[in-house]
Amino acid sequence: MRHDASGKVSLDHIYTAPDPRTYFQVLRPLGYRVPQLAKPYFEKLIKEYRETEQVPVPRVLDIGCSYGINAALLKYDLTMDELYARYDGTGPASRAGLLARDQDLSRSRSPAHGLRFTGLDASTGALAYAHEAGFLDDTVNADLESDDPTPAQRDLLAGTDLVVSTGCIGYVTERTLTRVVRAQDGRLPWMAHFVLRMFPFEPVEAALDELGYRTVRVDEVFKQRRFAGPQEQRGVLDSLAAAGVDACGLEEDGWLYAQLHLSRPQHR
C-alpha cells in the first residue's frame, strides 16, 4: 500500500468512486468512527448558533465532505452503523439502485434538524452522489488550496453559518479556510474541525486569529480509525514524534486520534 508524507496509508480511491460502497467497505474493518463521535458536538454547536444568532435553518459547510456523511448523520439522524449496513454489498447492485434507495430515505424521513448542507470537495463523483441522494443541498467542486473560488462557487459559499470538518485538515490548510471566510463579505461563520493529532493546527489558528476568530481546543481526544497496518502505525508515530506529540496510550495502542478545535468570532 502507498503511504503519504504523514505516514498514513493512501485511501484516495475510496473518495472517487461513483457511489459510497467502496468508501464504507474499506473503512468498516478499520473501525472508522469520527463522524459519529463528532455528531453530538456539531449538534450542540448548531443549536447554540441557532439560538444565539436567531437563525432557524443554519447553513453548514462541510469541507472534505466526500459522500455527505456528516450531512446524513445530522439532517436525518442516521448513525455510522446504519450507513455501514446500507452499503455493505448486500443491497442494490447498481449505483442507480443505491441512489433510488437513498432518495427514498431522504424524501421519507423527516429531517431531525432544520439545516442546509453545502459540501466542498475535490471529488466530482462523491459530490454528485451526495447531492443526488438528497444528503447535500448544494455542492462546491473545487480545490481551494490551489485556486480562489469562481464567482459561482463564491455565491454558493456566501451565507455560510457554520464550517465543519472531520479529518481533512492537514491536507486542507489555512488557505482553504481563509478563502471560505473571504467569500462571506465580512461575516465570520462559526467553525468546528476534528484534526488528526499529527497535523499541527497552529498555522490554521493563527490565520483564523488574523481574520477575527478565537479558537479553543477541546481537551478530549477522539478515535478516528485503526491503523491499516504496522507500516502505517510506524509512519504516523514518526510524524507525531517529529511534531513533539506524545503518542503514549493513544496512537501507540493502534488507533489514529483526532482533537476538536472550535473557532468563533472574537466578540462571542
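Which residue in strand 5 is the bridge partner of leucine 162? It is tryptophan 190, and the views below, all taken from a predicted model, start around that pair.

**View 1. Strand 4 and the strands on either side of it.** Strand 4 covers residues 162-166. Strand 4 and strand 5 run parallel and are joined by five bridges, with leucine 162 facing tryptophan 190 of strand 5 as its bridge partner. Strand 1 pairs with strand 4 in the parallel sense too, over three bridges. Here leucine 162 turns up again, this time as the bridge partner of valine 60.

**View 2. The side chains of strand 4.** Look along the strand and you'll see Leu162, Val164 and Thr166 pointing one way, while Val163 and Ser165 point the other way. Are these residues buried or exposed? All are buried. That makes five of the five residues of strand 4, so the strand is largely enclosed by the rest of the structure.

**View 3. The whole sheet, edge to edge.** Seven strands make up an open sheet with mixed pairing, in the order 3-2-1-4-5-7-6. Strand 3 (138-141) and strand 6 (213-226) sit at the edges; each has a single partner strand, so one side of each is left without a neighbour in the sheet. From one strand to the next, the twist averages 20°.

**View 4. The strand 3 edge.** Strand 3 pairs with strand 2 (residues 116-121) in the parallel sense, and the pairing runs over four bridges. To find your place in this close-up, pick out threonine 118, which stands opposite aspartate 138 in strand 3.

**View 5. Helix 8 against the sheet.** Helix 8 (residues 174-182) packs on the sheet, where it touches strand 1, strand 2, strand 4, strand 5 and strand 6. The direction of helix 8 makes about 160° with that of strand 1. Which residues of helix 8 are buried? They are Thr176, Leu177, Thr178, Arg179, Val180 and Val181. The cover over these buried residues includes helix 9 (202-211), along with strand 1, strand 2, strand 4, strand 5 and strand 6.

**View 6. The largest pocket.** This one has a volume of about 900 Å³. Its lining takes in 36 residues, and the closest to the centre are Tyr15, Gly64, Gly167, Cys168 and Tyr171. Which elements give two or more residues to the lining? Helix 1 (21-27), strand 1, helix 3 (69-75), strand 2 and strand 6 do. Sorted by class, the lining of the largest pocket comes out as 17 nonpolar, 10 polar and nine charged residues.

**View 7. The second largest pocket.** Here the volume is about 270 Å³. Of the 16 residues in the lining, Pro200, Phe201, Glu202, Arg217 and Gln259 lie nearest the centre. Strand 5, helix 9, strand 6 and strand 7 (255-265) each give two or more residues to this lining. Strand 6 supplies the largest share, three residues. The class split for the second largest pocket is nine nonpolar, three polar and four charged.

**View 8. Two aspartates with positive phi.** Most residues other than glycine have a negative phi. Aspartate 77 goes the other way, with a positive phi near 55°. You'll find aspartate 77 in the loop between helix 3 and helix 4 (80-86), where it is partly exposed at a relative accessible area of 40%. Aspartate 185 also has a positive phi, near 55°. Its place is the loop between helix 8 and strand 5. Is aspartate 185 buried or exposed? With 63% relative accessibility, above the 50% cut-off, aspartate 185 counts as exposed.

**View 9. From helix 7 to the largest pocket.** Aspartate 155 is part of helix 7 (residues 151-157) and is exposed, with a relative accessible area of 58%. Cysteine 168 lies 13 residues away along the chain, and 23 Å separates the C-alpha atoms of aspartate 155 and cysteine 168. Cys168 is the same residue listed in View 6 among the closest to the centre of the largest pocket.

Conventions:
Residues numbered from 1 in each chain as written. Predicted model: local features only at pLDDT ≥ 70, side-chain atom pairs only at ≥ 80, totals over all residues. Heavy atoms only, no water. Pairing = 2+ DSSP bridges. Axes fitted to C-alpha atoms, helices over the stretch in contact; angles between N-to-C directions. Contact = heavy atoms within 4.5 Å. Buried < 20%, exposed > 50% of the residue type's maximum accessible area, 1.4 Å probe, protein only. 1 Å grid on protein atoms, 1.4 Å probe; cavity = no way out; pocket = protein on both sides within 12 Å on 5 of 7 lines; lining within 4 Å. Points joined across faces, edges and corners; volume = space filled by probe spheres on them. Nonpolar A, V, L, I, M, F, W, Y, C, P; charged D, E, K, R; others polar.
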